[in-house]
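Please look over the sequence and the model below before reading on. The notes that follow go through a few local features.

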Amino acid sequence: MTSGYFVGIDVGGTFTDATVYDVAARTCSAVKVPSNRAAPDQAVFAVIEKSQAPAGQIRRVVHSTTVATNALLERRGARAALVATRGFRDVIELGRTTRLTPGSLYDPYFRRPPPVIRRRDRYEVAERIEASGAVSEPLDEGALDALGRALAEAGIESVAVGFLNAYRNPAHEARAKAILERHVAFVTVSTDILNEVREYERFFVTALNAVLMPLMARYVGSLTDAVAARYPAASFYTVASHGGLLTTRAVTKTPVRTILSGPAAGLAATRRLAEALGIARIIACDMGGTSTDVALVADWALPLKRETILDGNVIRLPQLDIHTVGAGGGSIAALDAGGDLLLGPESAGARPGPACYGHGGERPTVTDANAVLGRLGAGQELGRSLSLDGEAARRVVGTLAEAAGLLTEAMAEAILDLAVAKMAAAVHEISVARGYDPAECALLCYGGAGPLHACLVAEALGIPRVVAPPDPGTFSAFGALCSALTVDCALTILAPLSSGALAQAASFFAEALPAMREEFAGQGVDPAGLTLECQYDLRYEGQAHELTVSCAPGADVAAITVAFEGAFEREYGRLDRERGLLLVNVRAVGRIPVESPTWRAPTPETGLPASRRTVWVGGEPQACPVLRRENLRVGEAFAGPAVVEEMTATTYVPPGWTAQAGSIGELDIRRHPA
C-alpha cells in the first residue's frame, strides 16, 4: 500500500487514544479525547474525527477494548445457561477449591466471587465420553431439544456447552450445538474455545464466553457497521489478549479472547521498539489513569502465559504475561482509620477525574500530587483536551495533608512514593521473581502517566536506563497497528515426551496449516503469508502445571527437552532430570502479518528550554528547565532535574539522571554511575 491512513485506537479508562499513520509520508500523529465509558464507540469515532484523517483514505482501523474486561468485573454480561454432562453442572462453581483472590487466605470475611452463570441456569443432559474418546452413553438429543425450547421461553439468549472428555471426542458437543442453535441465538461449545484437558478451566472459559457473546456481538458488530459506513475503504480489527488481531467474526465467536485487549497492544509496540533500538531485555511499564501494567520482553519475544486469574476466576487461554497494579494517574489517595496513607484501587476515572482536570473532582489523586510538586505545570494542556488547574490540586492534596499533619508538598511526595512502591513491586514480580535481573534490563515507560514516574521506579530497582518512546501517551494505540492477524488451535496428547508423541504432534501441525488457511479465508482475510508457530506444553511427571515452549515443527525430543529445561530453570531455579517429561498439549499459532508503521529519525531542532519552573525534590524546591519534546536536538544531553512536555505525556528527569533524544525520536534517560 502506497497511500492512505492506518488508525490504531486504545480505549482506556480516562482517555481514548489514537495513532494515525500516513502511509505515503511514513509519519505518525497522536490524538487523545476523554473516554466515554457508557458508550465507548462514541469516543472511538470522536478520536478519529479529531485526527482529521480524510475519511475516504482511511484503509485500516484497529482498536483495543476493555468492554469484555469491564463486563466480567462488573458482572453485567448476558444471562446465559450452561449445559453439562449429567453430574457435572457445578464444576464451574467448585473450581479448584482454592482461594484465587490475592490477600484473601487469612480474611475471615472472604466471599468467593459468584459464578458467572447462576446454578438455576445450569442444566445437565445424559451423555458420556470416556477419557479414551469412546462413547459410553449416547447424547439424549430429544431431551436436549426440549431443553433448548425451554431456555428460549425463559429468555436465555446464550448457552455454553461443556461435556466431559470432549477434548478427546468433540462429536457430542458439535451435535449439541446444532440442536441448541435451533432455539437460541448464541451457542458456544468448549472444544471451540479450549480444546484441552482439565474440566474446570475448559467449562469456565466456555461459560464466560457465553456470557460475553451477546454483549460483544452487539458492540463490535455495530462498531464494524459504523466503520464501514463512515470509512468505506477501511478494514476493521480488534486486538486480542495474545497480542494478535481478530476479525469481527472471530471476536463475535470468541469474545473471551479480548479480556486483556488493551495491555496487549502496548506490548506489541514494545517489541517493535526493542527491535528498532537493539534492546534485548526491556521492561514495559504502562501507567494510565486507572492502573499500571508491567511486562518483560526478552529477546524480542512477547511474554506468553497459559492462564490468568482475574477477579478470582481462572481464564486459561493464550495471553500475554502482564502484571497489573491499581496505581494510575487517577488513583485516589486517602487515610485509613489508623491514619495510614492508602492509594487506589479506586480511581477518579475520566469524569470527574483528578481535581486538577477541572471537572469537579474533589479527592486527591496521583496526578494532583504531580501538579502540587510542579512536575505538571499549572495551565499545562493535557492531550489538547483540558487545561491543568494547579490550585484545585493544591486544595484537595492540602486537605488530606492537614488531616495527616503534613505540609501539602510532603503529602504530595508521600502519594508519589506509595505509587512508585506499588509499581516497583509489580516490576519485581515479573523480573526478579522470574529469574531476570532488572539491572540488565531497560525500562520502557508509556501511558499518559508513565514517563512522570519511570526514573523513580528505575531507581528503586537498580535499573540504569529508561526509554520514553515517541508519543508515549498513545504508545498502545501505536501498538494496535503492530500486531499480526492470529488464530490458534490445540490438541491434548498427555503422554511421555517421545518420538511417538512427537509424531502425533507433527500430524496435528500438518493438519492445522490448511485448516488455518481455510479459517482466515472464511473471515475474509487473504491467507497468503501465513506462518506457523509450534508450541509445546510440558511438565515433569508428577507435577500439576506446565510450561510452554516454542520449537520448530520438526524438533526432536532432545531439542524440546533443552528448551523446556532452560525455561524451567529460569522459572524455578532448579532442574529435576530424574523425572521424565510429559507432553500435555501442543498448540499451533498461525499469524498473517499486516503492513504496520515505523518510526522515522526526527528533524534536528533548537534544543532550547521553553521555560523554567520550580519543582519539589526531597522536600526542597528546585528550579528546573521545562523543555518541549519536539524541540529536542538528537544526541544533545541534558541533566535532571528537568521536565519534558509534549501533547500526550510529561517526562520527569530527576537529579542523578541525564536524558537525550535518540535516533528514532525516543527519549533515552541514563542514571549517573554511583
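The paragraphs below treat a buried side chain, a hairpin and some backbone angles in this predicted model.

The loop between β27 (531-540) and β28 (547-551) contains E546. Is E546 buried or exposed? Its relative accessibility is 12%, and because buried means under 20%, E546 counts as buried. Two arginines meet its side chain: the side chain of R198 makes a polar contact with that of E546 at 2.7 Å, and the side chain of R316 makes one at 2.8 Å. Apart from neighbours within four places in sequence, the contacts of E546 are R198, R316, D537, L538, R539 and V584.

The hairpin is made of β20 and β21, with 5 residues between them. Strand β20 covers residues 331-335 and strand β21 covers residues 341-347; the two pair in the antiparallel sense over 4 bridges. Across this pairing, A334 stands opposite L342 in β21. In the turn, G339 has a positive phi of about 90°.

Positive phi also occurs in residues that are not glycine. W300, with phi of about 60°, is one of them; W300 sits in the loop between β14 (292-298) and β15 (304-305). L494 has phi near 50°, but L494 belongs to strand β26 (residues 485-496). W300 counts as partly exposed because its relative accessibility is 35%, and L494 counts as partly exposed at 34%.

A further backbone feature is the peptide bond from G640 to P641, which is cis, with omega near 10°. P641 lies in the loop between β32 (638-639) and β33 (642-645).

Technical notes. Residues numbered from 1 in each chain as written. Predicted model: local features only at pLDDT ≥ 70, side-chain atom pairs only at ≥ 80, totals over all residues. Heavy atoms only, no water. Buried < 20%, exposed > 50% of the residue type's maximum accessible area, 1.4 Å probe, protein only. Polar contact = N/O pair within 3.5 Å; in protein donor to acceptor, adjacent residues only side chain to side chain. Contact = heavy atoms within 4.5 Å. Pairing = 2+ DSSP bridges.
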